[in-house]
Amino acid sequence: MARAFLVVLDSVGCGGAPDAAEFGDDGANTLGHVIAACADGRAEDGRSGPLHVPVLDSLGLGAAVRLASGAATPGLSAQPGGLWGAATETSRGKDTPSGHWELAGVPVPWDWTYFPRQVPAFAPELVAQICTLAGTDGILGNCHAAGIPIVQELGAEHLRTGWPICYTSVDSVVQIAAHEGAFGLDRLHRLCADLAPTLHAMRVGRVIARPFTGTAATGFVRTPDRRDFAMAPPAPTLCDWVQTAGRQVHAVGKIGDIFSGQGITRKYKGADDHALFEHFLRLIDESEAGSLTFCNFVEFDTLYGHTRDVSGYARALQRFDKVAGQALERLRSGDMLVITADHGNDPTAPGTDHTRERVPVLVAGYGAGQIGHCAFADVAASIAAHLGVPAQGPGRSFLP
């Protein structure tokens with residue numbers, strides 16, 4: 001019985017979104033700009049020369065970038081040996097839930113609630129509720145911020161006051177950072193879980209617990225015990241379709257959190273993407289016939305996109321290219337591997353936020369061919385067709 005593996009490279013967009021200007025992202029192109037920077041010698045920290053991703057390029061990565069945005073792809077010129085195309089999102093967002101839900105067949109039917117880019121960002125009533133749930137007299141932050149810098153900036157004050165660090169972004173999200181030892185990991189997770197229903201009722205997509213350790217003297221470091229408390233999808237997704245058919249659904253990385261556990265058989269977490277790669281490769285060897293393995297590899301986004309680290313982004317792409325090669329070697333006859341993304345996070349763009357972009361769609365297991373432009377939801381419809389399970393929603397299979 002056929003198996004399917006859906007891999008989301010978090011934020012690895014390829015430009016060309018027709019509505020990018022409406023999101024303030026006109027011209028954003030994560031892959032296109034990383035490729036150009038590498039070719040021009042502007043991404044030499046820890047690596048050198050043109051972007052070297054021969055496995056992804058052989059599946060159609062360079063071709064997908066050219067299709068999506070018209071950008072040149074120096075160093076990526078392989079004749080694609082897989083199915084390839086570029087997907088366009090219809091949901092009105094450029095965030096994790098919107099992208100993943102739509103890839104799983106369910107576009108978001110509402111407008112998310114976003115917090116104003118001002119200080120304070122949160123209404124007094126929300127701040128009061130956070131304080132009540134946390135048992136503190138106040139919060140720190142209360143602004144738009146990137147997670148790593150704000151923890152460095154406010155970590156010492158957090159240790160002194162015991163107040164949680166609360167911040168947001170252009171995504172529909174409230175993030176709460178706290179020291180694992182001084183504040184307590186269980187306390188942080190409980191705070192976020194208790195706050196989530198209020199925010200979900202406001203159409204705020206996620207509350208994210210961001211634990212960290214360290215001191216002012218040594219510096220502060222985020223830990224792998226992040227948890228996302230996300231709204232449940234508004235309709236059954238690909239995960240539910242597969243599970244309802246009596247099949248297993250394996251969630252690697254933050255997939256289980258993104259879907260609020262809905263339609264998930266088993267979750268696999270790890271301290272970093274390297275650990276998640278090991279889960280992914282092991283599941284290719286061990287997962288059951290007829291199963292779906294759904295992966296999110298987040299470090300492209302968190303470590304290199306938000307921090308605007310072009311060299312780091314290139315290194316991450318090259319590191320995953322080796323994993324992709326191992327995956328192709330391990331696939332069984334009849335397996336399908338789809339590699340795509342959920343949004344962009346152009347490391348050459350202003351600011352620190354996600355960017356509205358099309359995403360590449362690369363498929364192994366169906367020979368070579370051009371998908372062309374497709375919808376995010378077509379990914380779910382195609383995987384359902386491959387697995388032989390009934391599909392719902394607006395997607396249409398692009399399989400030959």
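**From a buried alanine to an annotated site**

Ala380 is buried, because its relative accessible area of 0% falls under the 20% limit used for that term. The model described here is predicted. Ala380 belongs to helix H13, which covers residues 376-387. Beyond the residues up to four places away in sequence, Ala380 touches Leu103, Ala104, Gly105, Leu238 and Trp241. Its C-alpha atom is separated by 9.0 Å from that of Gln392, a residue twelve places apart from Ala380 along the chain.

Leu238, one of the residues touched by Ala380, leads on to the nonpolar interior. The largest nonpolar core has 91 residues, and those with the most contacts inside it are Leu238, Phe280, Phe297, Phe320, Ile339 and Ile383. Helix H12, residues 310-330, supplies the largest share of this core, with nine residues. A second core, separate from this one, has 24 residues, including Leu126, Cys131, Ala134 and Ile176.

Phe280 shows how parts of the chain that are apart in sequence meet around one side chain. Not counting residues up to four places away in sequence, Phe280 touches Phe5, Val7, Cys295, Phe297, Val323, Ala327 and Leu337. Phe280 also forms one aromatic cluster with Phe277, Phe297 and Phe320.

In total, the structure holds eleven aromatic pairs. In one of them, the rings of Phe297 and Phe320 have centres 5.9 Å apart and planes at 45 degrees, so this pair is tilted. Because Phe297 lies in strand E11 (residues 292-297) and Phe320 in helix H12, the pair ties together parts that are 23 residues apart in sequence. Both Phe297 and Phe320 are buried. Another pair has a different geometry: the ring centres of Phe115 and Phe122 are 4.9 Å apart and the ring planes stand at 90 degrees, so the pair is edge-to-face. Phe115 and Phe122 are both buried.

Aromatic rings also meet charged groups. The charged end of Arg187 sits over the ring of Phe183, at 3.8 Å from the ring centre. Likewise, the charged end of Arg203 sits over the ring of Trp110, with 4.1 Å to the ring centre.

The UniProt record, an unreviewed entry, places the feature "binding site" at Asp10, Asp342 and His343. These residues span 334 residues in sequence, yet no two of their C-alpha atoms are more than 7.2 Å apart, so they gather at one spot.

Asp342 lies in the loop between strand E12 (336-340) and strand E13 (359-364). With a relative accessibility of 0%, Asp342 counts as buried. Apart from its neighbours within four places in sequence, Asp342 is in contact with residues that include Asp10, Ser11, Glu89, His100, Leu103 and Phe376. Leu103 is thus a partner of Asp342 and is also touched by Ala380. In addition, the side chain of Asp342 reaches the backbone nitrogen of Ser11 at 3.0 Å.

His343 is found in the loop between E12 and E13, and is buried, with a relative accessible area of 1%. Its contacts, leaving aside neighbours within four places in sequence, include Asp10, Ser11, Lys94, Asp95, Asp301 and His354. The side chains of His343 and Asp10 are joined by a polar contact of 3.5 Å. Asp10 is therefore a contact partner of Asp342 as well as of His343, within a site whose three annotated residues gather at one spot.

Technical notes
Residues are numbered from 1 along each chain as its sequence is written. This is a predicted model: local features need pLDDT of at least 70, side-chain atom pairs count only at pLDDT 80 or more; totals for chains, interfaces and linings use all residues. Side-chain values use heavy atoms; hydrogens and water are left out. Helices (H or I, at least four residues) and strands (E, at least two) are DSSP runs, numbered from the N terminus. Buried means under 20% relative accessible area, exposed over 50%, partly exposed in between (1.4 Å probe, protein chains only). Contact means heavy atoms within 4.5 Å. A nonpolar core is a set of buried Ala, Val, Leu, Ile, Met, Phe, Trp, Tyr and Cys residues joined through side-chain atoms within 4.5 Å. Rings of Phe, Tyr and Trp (its six-membered ring) pair if their centres lie within 6.5 Å; planes under 30 degrees apart count as stacked, over 60 as edge-to-face and the rest as tilted. A charge sits over a ring if NZ of Lys or CZ of Arg is within 6 Å of the ring centre and within 35 degrees of the ring normal. UniProt positions are given in the numbering used here, feature names are shortened, and annotations may be inferred rather than shown by experiment. A polar contact is a pair of N or O atoms within 3.5 Å; within protein, one must be able to donate a hydrogen and the other to accept it, and residues adjacent in sequence count only if both atoms are side-chain atoms.
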